[in-house]
Amino acid sequence: MTAVVTDKNDDRVPTRIEAGIKVKGAARFAAEIPIQGVMHAALVQAPLASARIRHIDASKARAQPGVVSVITHEAMPRLNQGAFLALLREPRVHFAGQPVAVVVAETATHARRAVALINVDYEALPAITSVTQGSSEAFAPKVAGRTSTDSRRGEPEGAMAAAEVTIEKRYTTPTHNHLALEPQCVIAVWDRDGAGVTVHTGSQAVFAHRKAIADGFGLSVGRVRVVSKYLGGGFGSKGSAWLPCLMLGIAAARHVGRPVKLELTRAQMFTLVGRRQETIQTLKLGAMRDGRLVAMTHDTVAQTSSFADYADPVATPTRVLYACPNVATSHRLVRVNAPQPNPMRAPGEGPGSFALESALDELAHVLKMDPLALRLRNYAERDQHVDLPWSSNGLRDCCRVGAQSFGWARRPIAIGTMRDGHHVLGWGMAAACYPVYRMASEAVVRIEANGTVRVRCGTQDMGSGTYTVLAQLAAEALGVPVDGIDVELGDTALPEGPYSGGSMATASFTPAVEAAAGRVRQRLIDLVIEDGESPLHGLSADQLVLSDGYIRAGTGNAAERLADVVARRAPDGIEAFADAAPDAAPRYSSYGYGAIFAEVRVDVDLGEVRVVRLTAAYAAGRILNRRLARSQFIGGIVGGIGMALHETTIMDERLGRIVNDNLADYLIPVHADMPAFDIHMIDEDDPHLAGGIKGIGMLGTVGTAAAIANAVFHATGRRIRDLPIRLEHCL
Amino acid sequence: MTDHGDDQVMVTLRVNGCDHEVVADVCATLLDVLRDGLSLTGTKKGCDMGACGACTVLIDGRRIKSCLALAVMQDDKDILTIEGLASGEEPHALQRAFVEHDALQCGYCTPGQIMSAVGLMQEGRATSGASIREFMSGNLCRCGAHPHIVAAIAQVAGIVP
């Protein structure tokens with residue numbers, strides 16, 4: 001029997017170590033860093049989806065008091081071209097909202113007022129403003145996320161023709177925006193000689209941003225410092241998607257020779273820092289009457305911009321989650337004069353699992369089979385996509401634990417039979433998987449002569465709990481309380497740490513931090529053993545334990561404070577560096593798994609859908625902090641609730657502009673939308689993963705929308721294949 | 001309030017019990033003056049149009065969105081921000097409960113959630129989980145800390161959510 005920890009918080013699990021300063025309002029986010037003499041930048045944005053700029057008249061703006069400079073494509077310093085849109089490089093507009101000039105002024109108010117005084121003369125050009133308009137020009141991108149664009153195993157067409165039951169359905173998911181609560185901001189401070197720059201910004205990847213800035217401005221990385229101590233959410237929008245405007249802010253600071261702050265407005269966050277691309281997915285399933293899948297095809301057409309290609313890995317769940325000998329998948333893109341898509345929480349797997357897990361529910365209905373039984377019948381014993389064994393696969397445990405807690409066995413197979421007044425209830429479920437990604441990481445662990453332990457790793461904490469788990473890893477290795485540990489992250493002056501994205505940060509830094517802490521521990525042990533003054537002198541390493549700030553003999557009372565050992569034998573402190581990198585050629589395939597069960601309540605008169613309760617069970621490797629992991633899983637699930645019921649970025653197809661670019665009209669789940677959560681984490685000891693970590697940030701978002709849509713079907717008999725589910729779908 | 005010309009006026013803001021004389025643009029929001037004029041950056045800007053609640057503060061005990069309030073209209077009023085909530089070193093019960101329940105992730109919406117919860121309790125609306133959820137819905141959270149926020153408020157209000 002696998003150990004399962006339910007969602008009751010354990011008081012012994014550390015609380016978030018930086019929570020104390022966050023609840024006091026004392027954590028300083030990027031826009032709040034005080035910089036002497038900082039100037040303020042504001043953007044002039046194009047109102048057209050495609051245009052050529054004939055002329056920009058900034059004379060009125062330049063004459064305003066407080067205005068320092070107006071930078072257009074004519075004055076913009078040339079940056080070395082990187083893998084991002086270089087703004088103000090050419091007199092060309094690719095999407096509505098694209099910046100065409102930047103004003104720098106003494107105050108933000110002066111800058112905003114000047115923006116309104118700039119006249120841009122545009123020549124409108126023909127624009128493609130929707131995927132449908134451009135679908136005849138669909139093309140194959142080079143990659144889909146980190147995976148191949150197309151895949152094929154077996155003979156899907158022949159097997160589909162021979163299947164006893166087939167279904168073929170089209171599912172669509174709309175554009176989403178990340179919408180971290182903290183708007184993107186950069187404060188760029190160039191050195192006096194212009195040879196280097198310090199950049200304060202909310203960054204999910206300080207080292208990747210440092211490299212891009214250094215390359216763009218022709219500097220060595222040593223002359224660029226990127227600092228991001230607190231990050232007010234990211235969800236994918238504060239990685240490379242932020243580069244175009246980040247570079248613009250830094251260029252403006254260089255241009256005026258003063259520190260410059262560029263803070264985006266909420267509306268600008270809909271156009272300038274990425275989006276989850278709209279998808280149109282066609283899924284075909286072929287099965288035998290007993291539920292065995294014999295063929296699957298999954299073809300996705302998605303939006304990209306007119307200037308760069310990006311495809312989410314939508315087909316990943318279809319490729320790996322179930323056993324099926326004959327599978328073909330494809331990803332195609334359509335160029336639209338719209339903002340550039342990029343990864344958003346559970347990129348690809350989120351929208352892809354909506355289609356796959358909805359289709360399986362449709363198949364179960366046709367077969368008159370229990371939807372959970374259908375999943376278990378098709379459990380995959382190995383990864384057939386890359387033909388490797390699993391490092392571990394806890395899907396069956398997730399299904400068992402989740403179903404039991406939810407009470408799934410009591411689900412009537414008939415539609416619309418659970419009624420409560422003029423509400424009808426429905427139960428739906430979905431399975432989930434998300435790949436384990438890892439990158440290289442360095443870390444330094446140090447103990448000072450006063451006993452203070454420090455962990456230094458140039459990764460980021462965007463709310464994911466990184467500060468806390470970095471402290472826990474060192475605390476565990478050195479037997480010291482988490483409380484007093486000093487963690488430094490979010491700065492390129494630190495050892496190089498991983499991105500905060502793709503659920504990979506913890507999996508990446510854990511082996512490095514554990515190795516560095518292990519070296520400090522070994523050094524402490526060596527010091528007491530060889531030190532004639534120590535009460536532990538002469539003992540062997542395996543007779544010693546480190547706990548509560550002491551190093552002690554495993555038996556007897558001999559003990560010494562760590563601080564005393566360091567003060568006496570290493571007054572400058574003990575420090576160790578370590579690095580860790582993933583295997584170049586993995587011998588196992590690794591995914592985190594989940595099973596999610598939803599109860600919805602539909603008002604039959606009004607069509608209103610409420611999620612009443614959600615049970616989810618996850619098997620995602622070693623969980624470092626169950627309190628914070630529960631928060632991460634719920635956070636991911638809330639993203640899935642938004643995907644199911646609320647979120648959509650609406651384009652006006654005539655003008656190519658976003659209609660609902662604010663937080664009143666783009667709906668995200670609020671307190672009143674919350675169901676009761678019942679979260680289970682299954683202990684999983686994966687011997688094939690360094691540190692045993694799988695990553696959990698994305699997994700909650702996978703499958704949730706399908707579980708809710710399947711529950712709506714169970715309640716109403718309405719199969720909603722186009723997200724989000726709205727009132728009119730259920731009337 | 002004194003006119004300083006060029007759309008600037010001098011206003012006295014009583015924030016967390018201290019009077020501050022500030023020269024502010026007549027159209028400056030209380031939020032911008034708190035953050036930029038007084039360096040009280042605990043009050044957050046999330047949307048600048050009253051849709052997210054990150055800028056929630058209490059004025060004369062009532063919760064308001066400081067991005068929709070003009071600074072020049074706050075003469076003679078008591079403004080309470082997140083920085084003034086604790087009693088010296090002793091955190092407010094809600095601040096402690098937010099930590100214990102992990103009612104925050106990135107922490108950016110947190111000051112607004114806490115100030116809004118203070119207002120909610122003073123309004124007598126923290127009476128049930130459903131009431132807390134309904135009357136906290138003007139405070140958006142993108143990390144998904146909602147159930148833990150409600151649990152923290154319920155604990156301080158002494159109810160079972």
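Student: What makes the seven strands β4-β6-β2-β15-β12-β13-β14 of chain A an open sheet?

Tutor: Their order starts and stops at edge strands. β4 (67–72) and β14 (224–227) of chain A each pair on one side only. The seven strands in between and at the ends form an open sheet with mixed pairing. This is a predicted model: local features need pLDDT of at least 70, side-chain atom pairs count only at pLDDT 80 or more, and totals for chains, interfaces and linings use all residues. Residues are numbered from 1 along each chain as its sequence is written, while chains are lettered from A and ligands numbered from 1 in the order in which they are written.

Student: How do you know that β2 and β15 of chain A pair?

Tutor: Two strands pair if DSSP finds at least two bridges between them. Strands are DSSP runs of E, at least two residues; helices are runs of H or I, at least four; both are numbered from the N terminus. β2 (residues 39–45) and β15 (residues 260–263) of chain A share three bridges, so they pair, in the parallel sense. A:His40 stands opposite A:Lys261 in β15(A).

Student: Why is helix α5 of chain A said to pack on the sheet?

Tutor: It touches β13 (197–201) and β14 of chain A. Contact means that C-beta atoms, placed from the backbone, lie within 7 Å. The direction of α5 (residues 206–217) makes about 145° with that of β14(A). Axes are lines fitted to C-alpha atoms, for helices over the stretch in contact, and angles run from 0 to 180 degrees between N-to-C directions.

Student: What makes β22 and β23 of chain A a hairpin?

Tutor: β22 (residues 441–447) and β23 (residues 453–456) of chain A run antiparallel, joined by four bridges. Five residues lie between them, and A:Gly451 in the turn has a positive phi of about 95°. A:Val445 stands opposite A:Val455 in β23(A).

Student: Why is the unit of β23, α11 and β24 of chain A called right-handed?

Tutor: A crossover is right-handed if, with the strands pointing away from the viewer, the path from the first strand over the helix to the second runs clockwise. β23(A), α11 (residues 466–478) and β24(A) meet that test, so they make a right-handed β-α-β unit. β23(A) and β24 (residues 486–488) pair in the parallel sense over three bridges.

Student: What makes the pairing in the sheet β24-β23-β22-β28 of chain A mixed?

Tutor: β23(A) and β24(A) are parallel. β22(A) and β28(A) pair in the antiparallel sense over seven bridges. Both senses occur, and the pairing is mixed.

Definitions and conventions
Two residues are in contact if their C-beta atoms, placed from the backbone, lie within 7 Å.
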